[in-house]
Amino acid sequence: MKRSSAVIILLNLLLLLIYFNWNVFEKEKTLKQGKLVLLELAPVDPRSLMQGDYMRLSYSLVQNISPHKLPKRGYCVVRLDGHQVAKKVRFQQHKLPLHEGEYLIKYFYNDFIIDLGAGSYFFEEGTQAKYVNAKYGGVRIDNEGNSVLTGLYDKSYNLIK
């Protein structure tokens, strides 16, 4: 009995490690190969006492939309302008239809918000002045609609460093 329990525990740990490493691999792949998309920000809260300096992010793409009319999970279909800024085309439950020049960003909503994935941006304590004028959140998206936040951009589309 003890030996079988140890085997089950080790197997579960192995599966957990595989799962976490696979997720890290997928995020790294999105960072390297994903399409850069700028999402216009609608900042919510600049600081958390427990977590330090960060900016809680919301995106104008999902402002003033009643999530109750949408599927619980799905895709926000966007088109990019000449500066890589995303403009919402529609929400849809499945990956298709997808026309030329359109990109997918996965979303889900709870009872309060539509979440596009990257909900906060952490920065070094005392450097908040650099981020006051952030206008866009830069995300890399893959063909599956997964996104990874890469940084904040100013109104001139420059990465804030």
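What share of the contacts in the protein with a separation of 6 or more comes from residues 24 or more positions apart? The figure is 55%. Keep in mind as you click around that this is a predicted model.

**Whole chain.** Start with everything selected. The C-alpha trace spans about 65 × 45 × 35 Å along its principal axes. Switch to cartoon and you should find 2 helices and 10 strands, running α-β-β-β-β-β-β-β-β-α-β-β from the N terminus. Of the 161 residues, 34% count as buried. Put a surface on: the protein exposes about 10800 Å², with carbon and sulfur atoms supplying 56% of it. Now colour by charge to pick out 22 positive and 15 negative side chains; the centres of the two sets lie 4 Å apart.

**Residues 6-25.** Select this span next. An unreviewed UniProt entry marks it as a "transmembrane region". In the model the span is 100% helix, and its end C-alpha atoms lie 28 Å apart.

**Backbone oddities.** Some background for the next stops: most residues other than glycine have a negative phi, and most peptide bonds are trans.

- Asn64: go to the loop between β3 (52-56) and β4 (73-80). Phi is positive here, about 60°, although Asn64 is not a glycine. Asn64 is exposed, with a relative accessible area of 81%.
- Leu96 and Pro97: a cis peptide bond joins this pair, with omega about 10°. Pro97 sits in the loop between β5 (86-92) and β6 (102-109).
- Tyr157: finish in the segment after β10 (147-153). Tyr157 also has a positive phi, near 70°, and is partly exposed, at 30% relative accessible area.

Definitions and conventions:
Residues numbered from 1 in each chain as written. Predicted model: local features only at pLDDT ≥ 70, side-chain atom pairs only at ≥ 80, totals over all residues. Heavy atoms only, no water. UniProt positions renumbered as here; feature names shortened; annotations may be inferred. Helix = DSSP H or I, 4+ residues; strand = E, 2+ residues; numbered from the N terminus. Buried < 20%, exposed > 50% of the residue type's maximum accessible area, 1.4 Å probe, protein only. Contact = heavy atoms within 4.5 Å. Areas by Shrake-Rupley, 256 points an atom, 1.4 Å probe, with all protein chains shown as cover. Lys, Arg positive; Asp, Glu negative; His and termini not counted. Charge placed at Lys NZ, Arg CZ, Asp CG, Glu CD.
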